[in-house]
Amino acid sequence: MAQSTHPFLNALWHNLATCILLLDDKFTIQYANNSCSELFGLGLKRLIGQPLNDIFSHHHIDFERLAQYALEDGVDCQQHRVDVVFIDSRAATLNLHARRIHHQSNAFILLECRRIDDEVRFDQASNQRHQYHAARTLIRGLAHEIKNPLGGIRGAAQLLQYESCQQERDQCAQLIIEQADRLTELVDRLLGPSQLPNKAPCNIHQTLESVVKLSMLDNASQVSLRKDYDPSIPDIVIDQAKIQQVVLNIVRNALQALEGNDEGNITLTTRIKHRMRQGKRLMKKALLIQIIDNGPGIAEELKDTLFYPMITNKDGGSGLGLSIAQTIVEQHGGLIDCDSWPGHTEFNIYLPFDNNGMGATNENSLAS
């Protein structure tokens with residue numbers, strides 16, 4: 001391929017931090033900028049005309065999907081965290097983005113490569129810190145929840161040792177049973193819903209209307225509850241009671257966050273999303289339920305561990321509501337996430353229509 005005839009544009013192209021490769025339909029390198037030479041450890045003259053496969057001694061690039069999506073279908077392809085080893089034995093982790101372009105009636109792949117080793121290490125260290133703090137919070141929460149019933153059990157057992165009255169002995173035994181049941185309930189809540197969803201076709205807006213009615217009973221601050229529904233959404237196969245539980249929990253959290261806010265409002269939105277992807281998970285067609293409020297937002301220190309059990313900043317809160325909500329949504333093959341900043345918090349629940357609502361499709365992350 002000819003170099004750009006414009007010297008300034010050619011200089012810009014070569015000084016990009018991202019590696020740019022132009023590949024023909026045989027995956028032979030036709031063009032490379034200077035960043036490619038730095039990354040691959042080969043001069044541009046050695047790179048040009050070289051099959052892409054030959055510049056690695058080992059790699060996890062899926063050429064078959066690259067050809068199918070980029071060349072045949074003309075769809076942008078991405079592959080994240082691809083481990084490669086260059087011919088000089090250096091290892092790296094790359095993000096790849098491929099796009100089909102045409103030149104003089106020929107199809108080429110414009111391949112962008114970005115090295116992300118430092119980002120991966122930072123993410124791993126950050127995740128380890130979050131997991132450590134989440135584990136400590138979980139242990140502290142469990143200790144607090146367990147100590148009270150254990151204290152009751154121990155006290156009742158001590159009384160039982162010395163009590164001669166049968167009625168008093170029965171009361172002590174009953175107290176022990178109640179506190180043991182309380183501990184069992186705590187464990188069950190930590191494990192999340194044990195029963196699989198009982199799915200059936202339902203109108204999601206009827207489910208949300210039930211949430212609105214129940215929420216109005218708890219609406220002491222007279223928060224405005226707004227609805228932005230897409231009436232064209234068809235019935236979806238879900239466990240209506242469980243999804244209602246998920247949405248109601250989030251709405252009640254929002255109501256608590258808006259206490260004392262004279263202009264507080266919560267909006268329930270429904271939309272259809274196509275080809276919804278998160279990581280390697282793909283839903284060809286999904287229902288999006290959004291719960292949006294204009295409260296103070298979620299504290300920064302809670303954002304990364306929001307769906308962990310026992311994570312809460314509410315007095316008297318168990319920190320299990322969102323953990324259970326995530327379990328229910330995942331049992332439906334769906335996704336739940338949250339985005340928040342001061343004055344805005346939104347929870348997004350994605351539920352698949354495909355496979356009768358039984359779950360999302362898994363595809364290689366190189367897919368579009």
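Modeller: Two strands pair if DSSP finds at least two bridges between them. Keep that rule in mind for this model, which is predicted.

Colleague: What makes β5 and β6 paired strands?

Modeller: The rule asks for at least two bridges. Ten bridges join β5 to strand β6 (residues 106–115). They therefore count as paired. The two strands run antiparallel.

Colleague: Which residue in β6 is the bridge partner of Asn-95?

Modeller: Arg-114 in β6 is the partner of Asn-95.

Colleague: What makes β3 and β4 a pair?

Modeller: Three bridges link β3 and β4, in the antiparallel sense. At least two are needed, so the test is met. One of the partnerships sets His-59 against Val-84 in β4.

Colleague: And how do you know that β4 and β5 pair?

Modeller: Seven bridges connect β4 and β5, again in the antiparallel sense. The cut-off is at least two, so these strands pair. Cys-77 stands opposite Ala-98 in β5. The hairpin of β4 and β5 has four residues between the strands. In this hairpin, Ser-89 takes a positive phi near 75°.

Colleague: In what order do the six strands form the sheet?

Modeller: The order is β2-β1-β6-β5-β4-β3. The sheet is open, and its pairing is antiparallel.

Colleague: Why do β2 and β3 stand at the edges?

Modeller: β2 (29–32) and β3 (56–59) each have a single partner strand. One side of each is therefore left without a neighbour in the sheet. From one strand to the next, the twist averages 35°.

Colleague: Which helices pack on the sheet?

Modeller: Helix α1 (residues 7–14) is one of them, touching β1 (19–23), β2 and β6. Its direction makes about 100° with that of β2. Helix α4 also packs on the sheet, touching β3, β4, β5 and β6. The direction of α4 makes about 30° with that of β5.

Colleague: Why is the contact of Asp-76 and Arg-99 called a salt bridge?

Modeller: The cut-off is within 4 Å, from a side-chain nitrogen of Lys or Arg to a carboxyl oxygen of Asp or Glu. Asp-76 and Arg-99 have an N to O distance of 2.6 Å, so the name applies. Asp-76 lies in the loop between α4 (63–72) and β4 (77–86). Arg-99 is in strand β5 (residues 91–103). So the pair ties together parts that are 23 residues apart in sequence.

Colleague: Are Asp-76 and Arg-99 buried or exposed?

Modeller: Partly exposed is the term for values between under 20% and over 50%. Asp-76 has 26% relative accessibility, so Asp-76 counts as partly exposed. Arg-99 has 42%, so Arg-99 counts as partly exposed too.

Colleague: Where is Val-75?

Modeller: Val-75 is found in the loop between α4 and β4. It is partly exposed, at 30% relative accessibility. Val-75 and Arg-99 are 24 residues apart in sequence. In space they are 6.8 Å apart, C-alpha to C-alpha.

Colleague: How many salt bridges are in the whole structure?

Modeller: A search finds seven. Among them is the pair of Asp-88 and Arg-90, at 2.8 Å, N to O. Asp-88 is partly exposed at 39%, and Arg-90 is partly exposed at 27%. Asp-118 and Arg-121 form another, at 2.4 Å, N to O. Both lie in helix α5 (residues 117–162), three residues apart, about one turn of the helix.

Colleague: Why is Asp-118 called exposed?

Modeller: The term exposed needs over 50%. Asp-118 has a relative accessible area of 58%, so Asp-118 qualifies.

Colleague: How do you know that Cys-165 is in no disulfide?

Modeller: The sulfur atoms must lie within 2.5 Å. The nearest cysteine sulfur, that of Cys-172, is 9.8 Å away, so Cys-165 fails the test. The search of the whole structure finds zero disulfides.

Colleague: Why is Cys-202 called buried?

Modeller: Buried means under 20%. Cys-202 has a relative accessible area of 6%, so the word fits. Cys-165, at 33%, is partly exposed.

Colleague: How do helix α8 and helix α10 cross?

Modeller: Their axes come within 9 Å and cross at roughly 150°. The crossing of α8 and α10 is left-handed. Residues in contact include Val-246 and Ile-250 in α8, and Leu-322 and Ile-328 in α10.

Key:
Residues are numbered from 1 along each chain as its sequence is written. This is a predicted model: local features need pLDDT of at least 70, side-chain atom pairs count only at pLDDT 80 or more; totals for chains, interfaces and linings use all residues. Side-chain values use heavy atoms; hydrogens and water are left out. Buried means under 20% relative accessible area, exposed over 50%, partly exposed in between (1.4 Å probe, protein chains only). Axes are lines fitted to C-alpha atoms, for helices over the stretch in contact, and angles run from 0 to 180 degrees between N-to-C directions. Contact means heavy atoms within 4.5 Å. A crossing is left-handed if the near helix is turned anticlockwise from the far one by less than a right angle, and right-handed if clockwise.
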